Amino acid sequence: MDRRLFLLSTLSIAGLAGCTALPDSGPAARDVMSQASATLKETAANAFKYVVVDITQRILDVLGDPGPGSLYKSFGTGHGVPQETIVGIGDTLQIAVFESAAGGLFIPNDAGSRPGNFVTLPTQSVDGKGYITVPYAGLVLAKGRTLPEISREIERKLAGRAIEPQVVLTMTAQISNQATVIGRVGASNKININNGDRVLDILSRAGGIADAGYETFVTLKRGDRKATVYFLNLVQNEQENVFVQPADTLYVYQQRRNFTAFGATGQSGQFPFGQEHLLLTEAVGKAGGLLDNRADPGQILLYRIEPREVLEKMNVDLSAFDRDIKQIPTIYHSNFRDPSSFFVAQRFRVIDADVLYVTNADQVEITKFFNLANTVTGGVASSLTDVDTTRKLIQNLGK
């Protein structure tokens, strides 16, 4: 074969392979990169630092139950509503004034001298400044005080005008001592807080949660602070069931927790937990298990962002990370070839947004290489045959 003809044919084939006239689903990567006005390139090591942690029993002891948040850590156990009812703006009060004899300020002379003479004043709400108005006593501060404290002040102001006045104060409606419950509950509403009410007490009076417990989260907002807890943690951990205070807001919502799996698993994609706790071995099963002809059981990797304080408890060397970095990219590693590691993985809990990746076995990469090599060499052999056929055809045409 003429070497020049072979070279020409090979170059023609190469040119045809790179021709933009061939069908394609979009621009080639080399075109995108070469035509950019500016490019910022970083190696993976520079772009993201991360740590790798082998899953062992000691690691499980540190992790505990990786819930999404904590009411206790944000608010403490707090305290119940004080035993004495505290009056607030908008509360409605009714005042009854007793006099020991008729002919006084409120009881007319013809009422007789029987004991228990009294008059009931019209109900009134505590105004925006925290006051109520009592005839002949004037403005009386009510906000932030107990009913006995308000009664004593009214009696003091009426002394000398009424005959041995005694005041009985009753709360007919209280809106200042309420918590608001909204979201996925039986009935969103404002709930009156009784002494010692905790979060679960208020949720039960709002009709309970509307969704499965393993898909439910509760956010408590108090002033400018808020925290979220997994509902089942709220039920199982008494510390999380904190006391409710006036003006608290409880927001109940549903969130389906998911994890993502790809690599040498039976299926790739996003998978819902569908249960209270999902273990690493269960997550592998949900993703279709390990592919026998591809997966390396010794390289089961799970990616997540872990709080710095958690890794410090594991004694992970974090000297490569600045102290102000509080969230560390972490890869947990499990070796399913090792029986002990496999059993530990049966207790490792997956959390929402985790990424599961199973690597290919080394021999799979070798097989890929040989397959590619066979494809290339087969293509070259075919090209040589085509060139030889073309040359013979040209020779025959010249005869």
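# A walk through two sheets and two cores

Start with the whole protein chain on screen and its surface switched on: the accessible area comes to about 23300 Å², and carbon and sulfur atoms account for 54% of it. Keep in mind that you are looking at a predicted model. Colour by secondary structure next, and you should find twelve helices and 19 strands. Of the 399 residues in the chain, 35% are buried. Turn to contacts between residues at least 6 apart in sequence, and 66% of them join residues at least 24 apart.

**Stop one: the six-stranded sheet**

Select E1, E17, E16, E19, E13 and E14, in that order: together they make an open sheet of six strands with mixed pairing. Go to the edges, strand E1 (51-54) and strand E14 (269-272); each has a single partner strand, so one side of each is left without a neighbour in the sheet. Look along the sheet and you'll see neighbouring strands turned by 30° against each other on average, direction ignored.

Now zoom in on the E14 edge. Strand E13 (residues 258-263) pairs with E14 in the antiparallel sense, over four bridges. Pick Thr260 and you can hop across to Gln270, its bridge partner in E14.

**Stop two: aromatic pairs**

Stay put and show the aromatic side chains; the structure holds ten aromatic pairs. One of them is Phe259 with Phe271, a stacked pair at 5.5 Å centre to centre and 25° between the planes. The two rings sit twelve residues apart in the chain, Phe259 in strand E13 and Phe271 in strand E14. Are these two buried or exposed? Phe259 is buried, at 1% relative accessibility, and Phe271 is buried too, at 11%.

For another geometry, jump to Phe342 and Phe343: their ring centres are 6.2 Å apart and their planes at 75°, so this pair is edge-to-face. Phe342 is partly exposed at 29% relative accessibility, while Phe343 is exposed, with a relative accessible area of 53%.

**Stop three: the cores**

Go back to Phe259, since it leads into the next selection. The largest nonpolar core has 33 residues, and Phe259, Leu311, Met314, Tyr332, Phe348 and Leu356 are those with the most contacts inside it. Click on Tyr332 and show what surrounds it: beyond its neighbours within four places in sequence, its contacts include Val53, Ile55, Ile59, Leu63, Arg304, Glu306 and Phe348. Apart from this core lies another, of 25 residues, with Phe75, Val181, Leu203 and Leu250 among them.

**Stop four: the five-stranded sheet**

Select E9, E8, E12, E10 and E11 for an open sheet of five strands, in that order and with mixed pairing. Its edge strands are E9 (189-192) and E11 (225-230), each pairing on one side only. Here the twist averages 20° from one strand to the next.

Inside the sheet, find strand E10 (residues 216-222) and strand E12 (residues 249-254): they run antiparallel and are joined by six bridges. Thr219 stands opposite Tyr251 in E12. Leave Tyr251 selected and add Phe217, Tyr230 and Tyr253, and you have one aromatic cluster.

**Last stop: a loop**

Finish at Phe243, in the loop between helix H8 (231-236) and E12. Is this loop residue buried or exposed? At 16% relative accessibility, Phe243 counts as buried, because the cut-off is under 20%. Then put a distance label between the C-alpha atoms of Phe243 and Asp197: they are separated by 5.9 Å, although the residues are 46 apart along the chain.

Technical notes
Residues numbered from 1 in each chain as written. Predicted model: local features only at pLDDT ≥ 70, side-chain atom pairs only at ≥ 80, totals over all residues. Heavy atoms only, no water. Pairing = 2+ DSSP bridges. Helix = DSSP H or I, 4+ residues; strand = E, 2+ residues; numbered from the N terminus. Axes fitted to C-alpha atoms, helices over the stretch in contact; angles between N-to-C directions. Buried < 20%, exposed > 50% of the residue type's maximum accessible area, 1.4 Å probe, protein only. Contact = heavy atoms within 4.5 Å. Areas by Shrake-Rupley, 256 points an atom, 1.4 Å probe, with all protein chains shown as cover. Core = buried A, V, L, I, M, F, W, Y, C linked by side-chain atoms within 4.5 Å. Phe/Tyr/Trp six-rings, centres within 6.5 Å; stacked < 30°, edge-to-face > 60°.
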